Amino acid sequence: MKGDNFYITTPIYYPNGLPHIGHAYTTTVCDVLTRYHKNILKEDTYFLTGTDENTSKVVKAAEKVGKSPEEFTKEVVDYFGNFYAQLNIANDQFIRTSDKEVHWPGAQKIWEQLVASGDIYKKSYKGLYCIGAEAFVTEKDLVDGKCPDHDEVPTELEEENYFFKLSKYTDQIRNAIQSDEIKIIPETRKNEILSLLDEGLQDVSFSRPQKAIPWGIPVPDDDSQTIYVWCDALTNYVTALGYGRDDDSDDSLYKKFWPSATHVIGKDILRFHAAIWPGMLLSAGLPLPKKILVHGMVLSDGRKMSKTLGNVIDPKQLMEKYGTDALRYYLLREIPSFEDGDMTEDRFAEAYNANLVNGLGNLVNRIMKMAEDNLDAPVALTESDMIVPEDYTQAFAEYNIQKAADIIWQQIATADKKIQETEPFKLIKTNPEAAKEIIRELVVALANISYLLEPFVPETAEKIITAVMANQKPEEALFPRI
Ligand code: MSP
């Protein structure tokens, strides 16, 4: 089933603090999609993530603890690395926009192309800048004088900056999105961006004075200015593949994986990805990405997580208490794939007990105990036993991860029901051959469940298949009762 190339990206995260549940969510979504395309569809995959470093908020966070931005971001990035390892994230690359070798040449090359297309001009500008969003905002975006997304009072800035003629590309971007040349998933987000495009796009400020953002990429031919952080950051999706370094070589990642990209993002950064980024690519004469997958927010008790509300959920603590796969399970199955979802430790514990301890864990124990007690040898499995149901592939094709997980849990329920109805543990006394046949069928069903589970909970899937091959009940419960 050798298919296409699959290139997937997370947004690059601001390393002004430690990874939180939002980062865990987007990254786990990318991880399940990568594993599905790689291990089940047998495609060539490339999974990119990283950090967005050349920003005022990073500089501020470093200053606050008396560190240089270099030292500070290095620590945060190391922490991200450990966090990803603990979350079992199989990314191929971690890009840092402070990387002068990997990232800067391509970012500057794109800038030069925007200039060559006549799309960069200088303008003095007075406006309100929200550091949380790293963007200029207008009065009408504010609620009680604050940026509602970031709960911050914006700073008034008066600067001479370079502007990018985004307005020029409104129609081309609208056509690309309308026709699904760039497919925006789900449809509601496509409509949201189309109505924004109907109002017409404004040109955007694309540089900041070097004295305001010294920790950033110099504008080519004018080092009194640094490239605006979103312009810089968006280019990571191609610089990571070698754009600006070896993009014209036949075996470059760029040739192989661009533009087969799926950008996975939260709904708060849709405009940057579905308007500014395509505008930049059109101006630079580069192909447009194929898909933008937009997810909702993970809320805590129905509200945005915040230190003031005291409702912040720490993904690391959850992993330490319940295990990596419990967190992956919750994010992928209990949070709707396209809408906001809720997470409190109570809900987490409830889902853990119902679907992992009593659902999956219990099924593995029951089947493997019967197999261990009654079968003389492990059940021989063949590749044709590994059936990938059509509704599972269909759910993934629609990027409906939650639905794909539901299909696995339906199979878990079906296997449970089969045990209840056929009672092989009783039948073994009266008709041992028939009972053993049922047990073998259950073991095959379990192996198949583990195959489908791999993208979601890779460690658990591995433990199940190991138990099946050894014809033994796992020594330790897959999900201990807490
Ligand atoms: N640096 C920019 C992205 C640049 S991409 C060229 C940025 N970084 S971020 O660290 O603030 O956020 C990254 C992602 O995390 C966004 O997709 C955002 O939607 C997501 N999340 C942040 N908090 C979230 C939740 N509580 N729930 C789900 N995702 C959320 O934006």
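Helices (H or I, at least four residues) and strands (E, at least two) are taken here as DSSP runs and numbered from the N terminus. The model is a predicted one, in which local features need pLDDT of at least 70 and side-chain atom pairs count only at pLDDT 80 or more, whereas totals for chains, interfaces and linings use all residues. Residues are numbered from 1 along each chain as its sequence is written, and side-chain values use heavy atoms, with hydrogens and water left out.

The ligand is a good place to begin. Its surroundings comprise 21 residues, of which Ile12, Asp52, Gly266, Asp268 and Val298 come nearest; a residue is near a molecule or strand if one of its heavy atoms lies within 4 Å of it. Helix H1 (21–40), helix H7 (229–234) and strand S12 (261–266) each supply at least two residues of this shell, and H7 gives the most, with three residues. By class, the shell holds twelve nonpolar, seven polar and two charged residues (Ala, Val, Leu, Ile, Met, Phe, Trp, Tyr, Cys and Pro count as nonpolar, Asp, Glu, Lys and Arg as charged, and the others, Gly among them, as polar).

Polar contacts are pairs of N or O atoms within 3.5 Å; within protein, one must be able to donate a hydrogen and the other to accept it, and residues adjacent in sequence count only if both atoms are side-chain atoms. An N or O atom in the side chain of Asp268 lies 2.5 Å from an oxygen atom of the ligand, and for the side chain of His23 the corresponding distance to a ligand oxygen is 3.1 Å. Val298 takes part through its backbone, with an N or O atom 2.8 Å from a nitrogen atom of the ligand. On its own the ligand has 660 Å² of accessible area, and the protein covers 90% of it (Shrake-Rupley method with a 1.4 Å probe; for residues, only the protein chains shown count as cover).

Strand S12 also leads into the strand pairing, where two strands pair if DSSP finds at least two bridges between them. S12 and S13 (residues 291–295) run parallel over five bridges, with Thr262 opposite Lys291 in S13. Between these two strands the chain passes through helix H10 (residues 270–284) in a right-handed β-α-β crossover; right-handed means that, with the strands pointing away from the viewer, the path from the first strand over the helix to the second runs clockwise. Three bridges join S13 to strand S7 (residues 183–185), again in parallel. Four of the five residues of S13 are buried, so the strand is largely enclosed by the rest of the structure (buried is under 20% relative accessible area, exposed over 50%, partly exposed in between, with a 1.4 Å probe and protein chains only).

A separate description fits the antiparallel open sheet, whose four strands follow the order S5-S4-S6-S8. Strands S5 (135–137) and S8 (204–205) stand at the edges with a single partner strand each, so one side of each is left without a neighbour in the sheet. Strands S4 (residues 120–130) and S6 (residues 155–164) pair over ten bridges.

Some local features complete the picture. Pro186, in the loop between S7 and helix H6 (187–198), follows a cis peptide bond from Ile185 with omega near 0°. The bond from Trp258 to Pro259 is also cis, with omega near 10°. His103 is buried at a relative accessible area of 0%, and its side chain makes a polar contact of 2.9 Å with that of Asp232.
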